[in-house]
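Trainee: Could you take me through one part of this model in detail? I'd like to hear about the nonpolar interior and what sits around it.

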Amino acid sequence: MYKVISINDDKMTRRVELENTTTGTVDDCFDDSALVSDRNFDFLTLENTYNCKIKLFGNIVQEMQDATVFCKIICKNVVVGTKNMVQVLVENDEYYIPIEKFAHISDIDCFYFRYTRKDLIQVNEVIHGDLL
């Protein structure tokens, strides 16, 4: 579960700061759901708690770099909407990475991932329109 700490609106998108209520980790998430669908995350309100899924946007890398995290695979094929994802643990926090990122890599359990942003892909039962 995640508590909404802040919502910062830009012209077409917004950034939502979420705190994991179990681990205390704060994630700054990109939300462009209103651009692609009428079923979006506009219902989020400050201080309320939601069940969220967050996607790491970036690439697998060979070694630790800036903005790189060490990922441990929890599940190699999780369906979010209609898209296949890999569910990973970064320390004690769960994230999702598109399965296509693993096309040229087989049989790994851990890896480094350099991300450029974190995307909000599901809130409660509402799934981001790009994943439908």
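Mentor: Here is a walk through the core, then a lysine, then a patch on the surface. Keep in mind that this is a predicted model.

The largest nonpolar core counts 25 residues, and Leu18, Cys71 and Leu120 have the most contacts inside it. Seen by element, two or more residues each come from strands E1 (2-9), E2 (14-20), E5 (52-61), E6 (68-80), E7 (83-90), E8 (93-98) and E9 (110-123). E9 gives the most, with four residues. Take Cys71 as your way in: leaving aside neighbours within four places in sequence, Cys71 touches Leu56, Val88, Leu89, Val90, Ile97, Asp109, Cys110, Phe111 and Phe113. There's also another core, apart from the largest one, with seven residues, including Val80, Tyr96, Ile121 and Ile127.

Now for the lysine. Lys118 is in strand E9, and Lys118 counts as buried because its relative accessible area is 11%, under the 20% cut-off. In sequence, Lys118 and Leu56 are 62 residues apart, yet their C-alpha atoms are 4.8 Å apart in space. Beyond neighbours within four places, the contacts of Lys118 are Asp27, Asp28, Cys29, Phe30, Ile54, Lys55, Leu56 and Tyr95. One of these, Asp27, has a side chain joined to that of Lys118 by a polar contact of 2.5 Å.

Last, the surface. Met12, Leu35 and Val36 make up a nonpolar patch there, with about 280 Å² of accessible area together. Leu35 belongs to helix H1 (residues 33-36), and at 43% relative accessibility Leu35 is classed as partly exposed.

How values were computed
Residues are numbered from 1 along each chain as its sequence is written. This is a predicted model: local features need pLDDT of at least 70, side-chain atom pairs count only at pLDDT 80 or more; totals for chains, interfaces and linings use all residues. Side-chain values use heavy atoms; hydrogens and water are left out. Patches are made of residues with over 30% relative accessible area and no salt bridge: like charges are joined within 9 Å, nonpolar side chains (Val, Leu, Ile, Met, Phe, Trp, Tyr) within 5 Å. Accessible areas come from the Shrake-Rupley method with a 1.4 Å probe; for residues, only the protein chains shown count as cover. A salt bridge is a side-chain nitrogen of Lys or Arg within 4 Å of a carboxyl oxygen of Asp or Glu. Buried means under 20% relative accessible area, exposed over 50%, partly exposed in between (1.4 Å probe, protein chains only). A nonpolar core is a set of buried Ala, Val, Leu, Ile, Met, Phe, Trp, Tyr and Cys residues joined through side-chain atoms within 4.5 Å. Contact means heavy atoms within 4.5 Å. A polar contact is a pair of N or O atoms within 3.5 Å; within protein, one must be able to donate a hydrogen and the other to accept it, and residues adjacent in sequence count only if both atoms are side-chain atoms.
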